[in-house]
Amino acid sequence: MSDTDDTKEEPAPTPQGAGAPTESVGVADDRAIDLILRPSKWDEYVGQEKLKKNLRVILQAALGRGESCDHLLLFGQAGLGKTTLANLIALELGANLKTTSGPAIEKMGDLAAVLTNLSKGDVLFIDEIHRLNRLIEEVLYPAMESRKLHLIVGKGPGARTVTLDLPAFTLIAATTRPNLISAPLRSRFGATFKLDYYEQPDIEQILKRSAKMLGLTVEDGALKAVAQASRFTPRTANRLLRRMRDYAQVHGKEIIDTDTARKTLEMLEIDELGLEPHDRRILEVLIDKFHGGPVGLSTLAAAFNEDKGTIEDVYEPYLMSIGLIVRTPTGRRATEKAYEHLGRLDGNQSKLL
């Protein structure tokens with residue numbers, strides 16, 4: 001059709017099935033979609049009921065007194081909602097949220113810049129606070145306790161200490177490694193909350209909300225399959241849902257059914273327990289090379305050709321939570337459930353550990 005033709009075709013209506021997400025997320029990348037799917041209201045935050053109940057008491061009491069909330073420490077595995085909680089806390093307090101991370105604060109000047117830019121009532125969120133330099137921690141202590149910032153200006157004999165007053169603010173810190181936080185820093189938080197793995201019904205509810213926001217039609221059987229393979233973590237569940245959307249779009253499916261969910265998980269090499277190839281490889285090394293253990297972490301890491309920290313922080317927590325491995329004083333051991341999952345039992349004999 002030429003540019004001078006007055007006749008214009010009406011665009012075809014866009015279906016709202018699996019292959020056509022809503023306009024708000026149609027051009028967004030995965031990171032942007034993560035932000036869109038993040039709950040923006042307390043009522044949308046599913047799970048962690050005991051934590052939410054205790055946290056809201058603290059927030060409502062602070063609001064009632066007209067004071068800043070106590071500093072809060074949130075810890076738990078990645079993807080459980082620590083950043084989301086920080087956003088909701090700021091929303092509940094009616095405060096501005098300033099965000100940074102431990103690795104981003106490399107020197108005292110970085111921390112000073114962050115603190116001096118705070119206004120009264122602001123919420124400062126520091127992610128991965130266990131990676132904060134110990135010398136920088138020393139500057140953070142008086143800022144948290146007495147709202148004072150002590151800086152050393154100059155070097156040598158001419159150096160002097162300058163003290164700046166800070167506005168009332170609330171520090172929310174998040175970490176996946178609470179054991180790496182120094183005792184002096186931990187003691188300065190008014191409350192500490194642990195985020196646990198979610199229950200399957202909660203994950204299914206989260207997936208239903210995400211599917212609705214993405215404009216997807218998903219059968220209950222598919223939701224259940226995704227929830228079972230999600231490692232009981234909302235971030236993982238939403239990631240799997242997006243991959244199923246991709247699979248459905250490529251194969252021309254308007255509805256994500258159980259078969260689509262199963263085939264997507266097979267493509268990603270994720271089994272019904274949510275184990276990925278690396279998870280199964282750890283179990284195979286434990287069982288085949290070390291006869292189920294016990295085996296020390298260093299030996300296991302060497303046999304698996306992986307860093308000790310990665311095994312301890314990334315793979316072990318979930319494997320332990322579903323009862324596939326246990327820690328003993330003599331090392332890691334594979335449980336009978338791990339033997340069964342890998343098909344290492346012959347049906348007439350059990351290996352009791």
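Which residues in helix 11 (residues 258–267) are buried? In this predicted model, they are T260, A261, T264 and L265. Viewed down the axis of helix 11, these buried residues fall within an arc of 130°, so they line one face of the helix. A little helix geometry helps here: an α-helix has 3.6 residues a turn, so residues three or four places apart point the same way. The partners of that face are helix 9 (220–228) and helix 10 (234–250), against which the buried residues of helix 11 pack. After helix 11 comes E269, which has a positive phi, near 60°.

**The chain as a whole**

Stepping back, the chain has 15 helices and nine strands. It is 353 residues in length, and 43% of them count as buried. Among contacts with a separation of 6 or more, 69% are between residues 24 or more positions apart. The chain exposes about 18,600 Å², and 49% of that area is supplied by carbon and sulfur atoms.

**Two pockets to look at**

Here are the two pockets side by side.

| Pocket | Volume | Nonpolar lining residues | Polar lining residues | Charged lining residues |
|---|---|---|---|---|
| Largest pocket | about 830 Å³ | 10 residues | eight residues | 11 residues |
| Second largest pocket | about 680 Å³ | 12 residues | eight residues | nine residues |

Start with the largest pocket, with its volume of about 830 Å³. It is lined by 29 residues, and the closest to its centre are Q77, Y197, D313, V314 and P317. Helix 10, helix 12 (277–289) and helix 14 (308–321) each supply at least two residues of this lining. Helix 14 gives the most, with six residues.

Now for the second largest pocket, where the volume is about 680 Å³. Its lining also comprises 29 residues, and R38, G81, T83, T84 and R235 lie nearest the centre. Several elements give two or more residues to the lining of this pocket: helix 2 (30–37), helix 4 (82–93), strand 2 (97–101), strand 3 (123–127), helix 8 (200–213) and helix 10. Which element supplies the largest share of the lining of the second largest pocket? That is helix 2, with four residues.

Helix 10 is a handy thread to follow through the model. The buried residues of helix 11 pack against it, it supplies at least two residues to the lining of the largest pocket, and it gives two or more to that of the second largest pocket.

Terms used
Residues numbered from 1 in each chain as written. Predicted model: local features only at pLDDT ≥ 70, side-chain atom pairs only at ≥ 80, totals over all residues. Heavy atoms only, no water. Buried < 20%, exposed > 50% of the residue type's maximum accessible area, 1.4 Å probe, protein only. Arc of directions from axis to C-beta. Contact = heavy atoms within 4.5 Å. 1 Å grid on protein atoms, 1.4 Å probe; cavity = no way out; pocket = protein on both sides within 12 Å on 5 of 7 lines; lining within 4 Å. Points joined across faces, edges and corners; volume = space filled by probe spheres on them. Nonpolar A, V, L, I, M, F, W, Y, C, P; charged D, E, K, R; others polar. Areas by Shrake-Rupley, 256 points an atom, 1.4 Å probe, with all protein chains shown as cover.
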